[in-house]
Each structure stands twice: as structure tokens, then as C-alpha cells.
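Student: Got a minute to walk through this one with me? I'd like to start with the pockets and then move on to the sheets.

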Amino acid sequence: MTPVPPGAQPSASPNDRPLRKAIAPGKLMIAGKWRDAETGETTDNLDPTTEAVTTKIAKGTVNDANAAVDAAYDAFEEGPWGRMHHEERAKILFRMADLMDERAEDLAIREAMDMGMPYKDFREIIMPHCSGLFRFFGGLAMSAMNGSYRSSYEADIRILTRRQPLGVVAAITPFNFPLALSCSKIAPALAAGNTIVHKPASDTPLTALAMAQIALDAGVPEGAYNLITGPGGSIGDALVANPKVDKIAFTGSTPVGQGIMRKGADTMKHLTMELGGKSPNIVFADANIESALQAAFWGIFWNKGEVCVAGSRILVERAIYDEFVERLSVMARNAVLGDPLDPATMIGPIASRGEYDKVLRYVQAGKESAARLSAGGGTRTINGKGLFIEATVFADATNDMTISQEEIFGPVVPIIPFDTEDEAIRLANATSYGLASGIQTGDMGRALRLADRIKAGTVWLNTWHKYHPNAPFGGFKMSGFGREQGSEALESYTQYKTVWANLG
């Protein structure tokens, strides 16, 4: 059985394979100008496939971060962006979407070279979603930002409620979906009239650099969109502590998110927290096994498992357990690891050396547990280079094992048997996380009934990895709070003002 990517179109022929490209050194974007870091320092940006340096990236400082905040604050207080009619802002967001589509080739190659996402997956799945976010929120702003009049009990009194932007938004984004998880914050923030300071992950800043230029080229006023690259700890802390920052929109690990919440309390930051996950994928014996295997394979191995909503615990009804384990293991063994710019590649390299070492520690923990290694567990290279980890399956796992409870963020999955619906739900909910989940069954009544019982922000029924700009996305429990995408996201980048008018 050959796995196919979720929603993908036929791959390009090998003759159409895109090539690596030279990437200009990355600078900071502050007040509409590209500039070096205060100290002039840079860091090397590495390609996880070749382990070669792709370019130099400005190593911003706390002073640089504060300068970016000052630029965003001045642009909000004195510039046109927050005062611009929402229909005019929408036109600029639509232009950003058009420019993203025009530059999709460049963005896809950057993402492949930067973090190892297969080029074809980016072009076919990620790129339409990202530009779609700007179109969706541009359109939503045209209606949602209007005020409303209401009557009071007094004849001469009228009430006007208005939604207004918060001010300066700091978007702190992760390494695993650099463009998508940036757009999910930047699009609604700009649509609402806020100004932006974007801090991308240190390891994967290449598409963030391209997006800052797109914003300028689309007509976002100088200072309304700022980019700061550099160490996540010091720059992130500076953004959280700065009283001119009104909101932090963060995607990353739960411990880092908790730290942002604590530090942000001092200045009463608005927060959106999209944190970790250990998502259960429940497979019942009456499921279409071919479809269930596809959902399970891509649920965990898409983007080499570096996905916050990966189906990283598979719960399988005992009646089909042995068959399911064997067939999924065969798929894992046959998965094509390789250069993300190769159309034949299914699983690219882990994004960075640090993440690679961490995932291998979890693989070793699985090997030392009572679980049975059924596929993978090793590493690969191309010409002696590359951070490749095999698609790894641990059978006969239990829900209390380290590999079943902690977020691995790699191509590693435990499979756990169950006997009854109640047991499946108990196992599914027996985690501190609640980001996503899935149910594979031929009984849609059961699927909908159990979907209500799963404590997770997303439930996929007989599928996995489906997303849309109008569908809210976020977690329960330790997976965070707030929503990205959908009208619910725009709500979190605005605040309400109530005006009472005496007409008498």
C-alpha cells in the first residue's frame, strides 16, 4: 500500500525538481527599513538536508527588539494603519495574498532548505492555506469591524459598540511550520488594524524574511510590520516585558508558553497560546482499514512528525490490532526519506540538530521500554549528511510510557490496544494535552457521540490534517487557549468600546 499525502495532487516529474538557491543574508526589518543587528553579529542558517550554511542571519539584541516595538507603537499611535478604513486594509491584505502566490516558488524552496518540509507538500497544501488566511481575514474585516447601534430604555439615549484594534502585537512563532503559523497570527492581527513585531524561530527564519518584504511591497505602512531575528529567550523575554506590546500570540512548547503567561501578567498582556499536543487517533475494528491506515500514517509522519497536532498516539481496537500494526509498520519501512526538493520524498530531515538529538533520545526511551520496536528506530543520511530519522513504530505500548505521554515532535508513534469505547475514550483523555484527536470508524453515529467526549480542540473523523482559514483552531487543557483561524481569531485581536450618546 503506497501512502499519499493528505489532499495532495500528483507529484511533479523528477525533471521538474526545484533546485537550491542562494539566499541573501537576513537582516532586521524595523520601521520599514532593512538593517543589521545593533552589534553587527550574525548566526549561520543551516540546511538540515546538507548540513551546509545557507546564509547569515542578523542576531538581534534586546535593544533591537525594543526598537522594533517602538516602531510598531509609533506606527499604531501616529501612523495610518490603525485609523485606515477596514476596507482599505483589506485591499492590502488581498495584495499580500496575491504576492505570496506569485512568490510561492521562492517560499517553498526556502521552507524546504530551512526546515526540511517537502517542496511538493508546501506548494500543494501549505501555500494555498497561507494566502487563503490573508484573503479570509481581509474579507472578514470588511464586515466584522463595523460598529453597531443599540437602543437603551431611555428615549434619548443611544449606545454605539465598536471593535477596535489592541495596538502592538508580538507574534512569536515556531520552527515547524514557519510560514503557516506566522500567517495564522499576522493576518488577523493586521486585519484588525494592529501593528506587528514578528519574532520567528531562530532555526527557520527564511520565509519570515520573505514575508516582511511582501508586506512592504503590498503597501503595509512603514513600522506597521517589523521583523526581529535572533535568540528566542532574550528577545522573547524583551517582547513579553515591554509595556508597549499589547498582545503576545505564541505557538510553541507548553513550558515556554507558561513562562510567557507568568511574565506577561506584569503588563496585563492579551494572549493567544497554541502549545503542545499528544493527540490520540482511535481506530475501531469497523473502520475502512485502508483509509484508517492512510490517516494514521500521515497523521504522525507528515512533516516528519514535527506537527503539534500529529496523531502521536494510535489506539487500535484489539480485533484488528495485529493486522493494523503490521500494515502500518510496512508502510513506515517503505516510507521514502530524502531531500525535500526531490518529488519522490515523503519524509524530509528533522529541522535542526537540537531537535534531531531530542527525538533520538525518545527513540532510545522507547527501545528501553516494554514496547516492541516494529519499524524504524534508526537514522539515515544522504552522502553522509542530513538529519534523517526513520519512520518509527512502537507496538504493544501502554499509555503510561514516556513515548505515550510526552510530546516527541518527530516521526515516532506508539500503538496501544483497547477493547471498548469507554476504554478508548479514557485512554484518549488520559493526557495533560488536548490539542487534537481523531476517530476512525464506519459508524458515524458513534464517531459523533465520541467526538463530544474527547477533550480536544480539534476532532478529525475518518481523516486527519484537514484545515481551513474559516475553521477555528486551538487547544484544551495544557495545549493552550485562544483560537487561530476563523472569526474567533479576529475577535482576540480586537477590543470592544461602548459609547453612550445623549441625543436630547
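Tutor: Sure. In the largest pocket, helix 8 gives the most to the lining, with 6 residues. Keep in mind that this is a predicted model.

Student: Which other elements supply at least two residues of that lining?

Tutor: Besides helix 8 (254–264), there are helix 7 (232–241), strand 10 (247–251) and helix 11 (353–367).

Student: What volume does the largest pocket have? And how many residues line it?

Tutor: The volume is about 780 Å³, and 36 residues make up the lining. Lying nearest the centre are Phe250, Thr251, Gly252, Ser253 and Val256.

Student: How does the lining split by class?

Tutor: There are 15 nonpolar, 12 polar and 9 charged residues in the lining.

Student: OK, sheets now. What's the strand order in the open sheet of 7 strands?

Tutor: The order is 14-17-18-13-12-20-21, with mixed pairing. Strand 14 and strand 21 (458–461) are the edge strands, each pairing on one side only. From one strand to the next, the twist averages 25°.

Student: Which way do strand 14 and strand 17 run, parallel or antiparallel?

Tutor: Antiparallel, with 3 bridges joining strand 14 (residues 372–375) to strand 17. Within that pair, Arg372 stands opposite Ala395.

Student: And how about strand 17 with strand 18, parallel or antiparallel?

Tutor: Parallel, again through 3 bridges, and strand 18 covers residues 412–418. There, Val393 has Val413 of strand 18 as its bridge partner.

Student: Where do the side chains of strand 17 point?

Tutor: Thr392 and Phe394 point one way, while Val393 and Ala395 point the other way. All of these are buried. That fits the usual rule, where side chains in a regular strand alternate between the two faces of the sheet.

Student: What about strand 12 and strand 20, how many bridges there?

Tutor: Strand 12 (residues 280–283) and strand 20 (residues 436–440) pair over 3 bridges in the parallel sense. Ile282 has Ile439 in strand 20 as its bridge partner.

Student: Which strands does helix 9 lie across?

Tutor: Helix 9 (residues 289–301) lies across strand 12, strand 13 (313–317), strand 17, strand 18 and strand 20. Its direction is at about 140° to strand 18. Helix 13 (residues 421–429) also packs on the sheet, where it touches strand 12, strand 13 and strand 18. The direction of helix 13 makes about 150° with that of strand 18.

Student: Which residues of helix 13 are buried? And what covers them?

Tutor: Ala424, Ile425, Leu427, Ala428 and Asn429 are buried. The cover includes strand 12, strand 13 and strand 18, along with helix 14 (444–451) and strand 22 (476–477).

Student: Switching to Phe324. Where is it found, and is it buried or exposed?

Tutor: Phe324 is in helix 10 (residues 321–334). It counts as buried because its relative accessibility is 0%, and the cut-off for buried is under 20%.

Student: What is Phe324 in contact with, leaving aside neighbours within four places in sequence?

Tutor: Phe324 contacts Val283, Ile289, Ala292, Leu293, Ala296, Ile314 and Val316. Take Ala296: it sits 28 residues from Phe324 along the chain, and their C-alpha atoms are separated by 9.9 Å.

Student: Which residue in the loop between helix 9 and strand 13 has a positive phi?

Tutor: That's Asn303, in the loop between helix 9 and strand 13. Its phi is about 55°, although Asn303 is not a glycine. Asn303 is buried, with a relative accessible area of 1%.

Student: And Glu51, where is that?

Tutor: Glu51 is in the loop between strand 3 (42–46) and strand 4 (53–58). Its phi is near 60°, a positive value in a residue other than glycine. Glu51 is partly exposed, with a relative accessible area of 31%.

Student: Last one. What's the order in the open sheet of 3 strands?

Tutor: That sheet goes 5-6-24, with antiparallel pairing. Strand 5 (148–151) and strand 24 (494–502) each have a single partner strand, so one side of each is left without a neighbour in the sheet. Strand 5 joins strand 6 (residues 157–165) through 4 bridges, and Arg150 has Ile159 in strand 6 as its bridge partner.

Notes. Residues numbered from 1 in each chain as written. Predicted model: local features only at pLDDT ≥ 70, side-chain atom pairs only at ≥ 80, totals over all residues. Heavy atoms only, no water. Buried < 20%, exposed > 50% of the residue type's maximum accessible area, 1.4 Å probe, protein only. Pairing = 2+ DSSP bridges. Axes fitted to C-alpha atoms, helices over the stretch in contact; angles between N-to-C directions. Contact = heavy atoms within 4.5 Å. 1 Å grid on protein atoms, 1.4 Å probe; cavity = no way out; pocket = protein on both sides within 12 Å on 5 of 7 lines; lining within 4 Å. Points joined across faces, edges and corners; volume = space filled by probe spheres on them. Nonpolar A, V, L, I, M, F, W, Y, C, P; charged D, E, K, R; others polar.
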